[in-house]
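Subject: Structure handover

Hello,

Here is the structure I promised to pass on. Please open it first, then read my notes below.

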Amino acid sequence: MSYTDTLSKDEAICPYCKTAHKPESKPVEIEQKYCDECGHNYYLSFNDGAYHTQPDCEINGYDHDVMTRPSKGTDYSYCLVCDKEL
Ligand SMILES: [Zn+2]
Ligand SMILES: [Zn+2]
């Protein structure tokens, strides 16, 4: 299972279960949020007129599932679950 960043104009969409949450206010900086539906934590930010949510294994107490692949001469490592660059 893998999760990716999610964008929405007026709601924060949980990147894990895709439940829409109505944020109380626009986050000025990246905020850590908790989803009551699935019990996962995620990051919420507001950029370019849209709410941006991002999954992250670490804030949920999981180890990243690291995958490395060569990219233009340098190895690129990312997490298979949350898609974070490592
Ligand atoms: Zn959720
Ligand atoms: Zn991860």
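In the hairpin of S5 and S6, which residue takes a positive phi? It is Asp48, with a phi near 50°. Two residues lie between the strands of that hairpin. Keep in mind that this is a predicted model.

**Overall picture**

The chain has zero helices and eight strands. Along the sequence the pattern reads β-β-β-β-β-β-β-β. The C-alpha atoms fill a box of roughly 45 × 30 × 20 Å along the principal axes. Of the 86 residues in the chain, 20% are buried. Now take the contacts with a separation of 6 or more: 35% of them join residues 24 or more positions apart.

**The sheet**

Four strands make an open sheet. Their order is S1-S6-S5-S4, and the pairing is antiparallel. S1 and S4 (31–34) are the edge strands, and each pairs on one side only. Neighbouring strands in this sheet are turned by 30° against each other on average, direction ignored.

Here is how the strands are joined, pair by pair:

- S1 (residues 6–8) and S6 are antiparallel and share three bridges. Leu7 has His52 in S6 as its bridge partner.
- S5 (residues 41–47) and S6 are antiparallel, with six bridges. Tyr42 sits opposite Pro55 in S6.
- S4 and S5 are antiparallel, with four bridges. Tyr34 stands opposite Asn41 in S5, and Glu31 has Leu44 in S5 as its bridge partner.

**Two faces of S6**

Which side chains of S6 point to the buried face? They are Tyr51, Thr53 and Pro55. Ala50, His52 and Gln54 point to the other face and are not buried. The side chains alternate in this way along residues 50–55. Two of these residues came up above: His52 is the partner of Leu7, and Pro55 stands opposite Tyr42.

**The core**

The largest nonpolar core has eleven residues. They are Tyr3, Ala12, Ile13, Cys14, Tyr16, Tyr42, Leu44, Tyr51, Cys79, Val81 and Cys82. The elements that give two or more residues to this core are S2 (12–13) and S5. Tyr51, from the buried face of S6, is also a member.

Cys14 deserves a look of its own. Leave aside its neighbours within four places in sequence. Cys14 is then in contact with Thr19, His21, Cys35, Glu37, Cys38, His40, Tyr42 and Thr53. Of these contacts, Tyr42 belongs to the core with Cys14. Thr53 is one of the buried residues of S6.

**Turns and positive phi values**

Most residues other than glycine have a negative phi. Two residues in loops go the other way.

Lys18 is one of them, with a positive phi near 65°. Lys18 lies in the loop between S2 and S3 (20–21). Is Lys18 buried, partly exposed or exposed? It is partly exposed, because 13 other C-beta atoms lie within 10 Å.

Asp48 is the other, with a positive phi of about 50° although it is not a glycine. Asp48 is in the loop between S5 and S6. Asp48 counts as exposed because it has 6 C-beta neighbours inside 10 Å, and the cut-off for exposed is 12 or fewer.

The hairpin of S4 and S5 has six residues between its strands. Gly39, in that turn, has a positive phi of about 75°.

**Ile30, ahead of S4**

Where is Ile30? Ile30 is in the loop between S3 and S4. With 13 other C-beta atoms within 10 Å, Ile30 is partly exposed. Ile30 touches Tyr43 and Ser45, not counting residues up to four places away in sequence. Ile30 and Phe46 are 16 residues apart in sequence, yet their C-alpha atoms are 7.8 Å apart in space.

**Where to start**

I would begin with S6. S6 pairs with S1 over three bridges and with S5 over six. Then go to Cys14 and follow its contacts, including Tyr42 and Thr53. Finish at the turn with Asp48, in the loop between S5 and S6.

Best wishes

Note on methods: Residues are numbered from 1 along each chain as its sequence is written. Chains are lettered from A and ligands numbered from 1 in the order in which they are written. This is a predicted model: local features need pLDDT of at least 70, side-chain atom pairs count only at pLDDT 80 or more; totals for chains, interfaces and linings use all residues. Two strands pair if DSSP finds at least two bridges between them. Two residues are in contact if their C-beta atoms, placed from the backbone, lie within 7 Å. Axes are lines fitted to C-alpha atoms, for helices over the stretch in contact, and angles run from 0 to 180 degrees between N-to-C directions. A nonpolar core is a set of buried Ala, Val, Leu, Ile, Met, Phe, Trp, Tyr and Cys residues joined through C-beta atoms within 7 Å.
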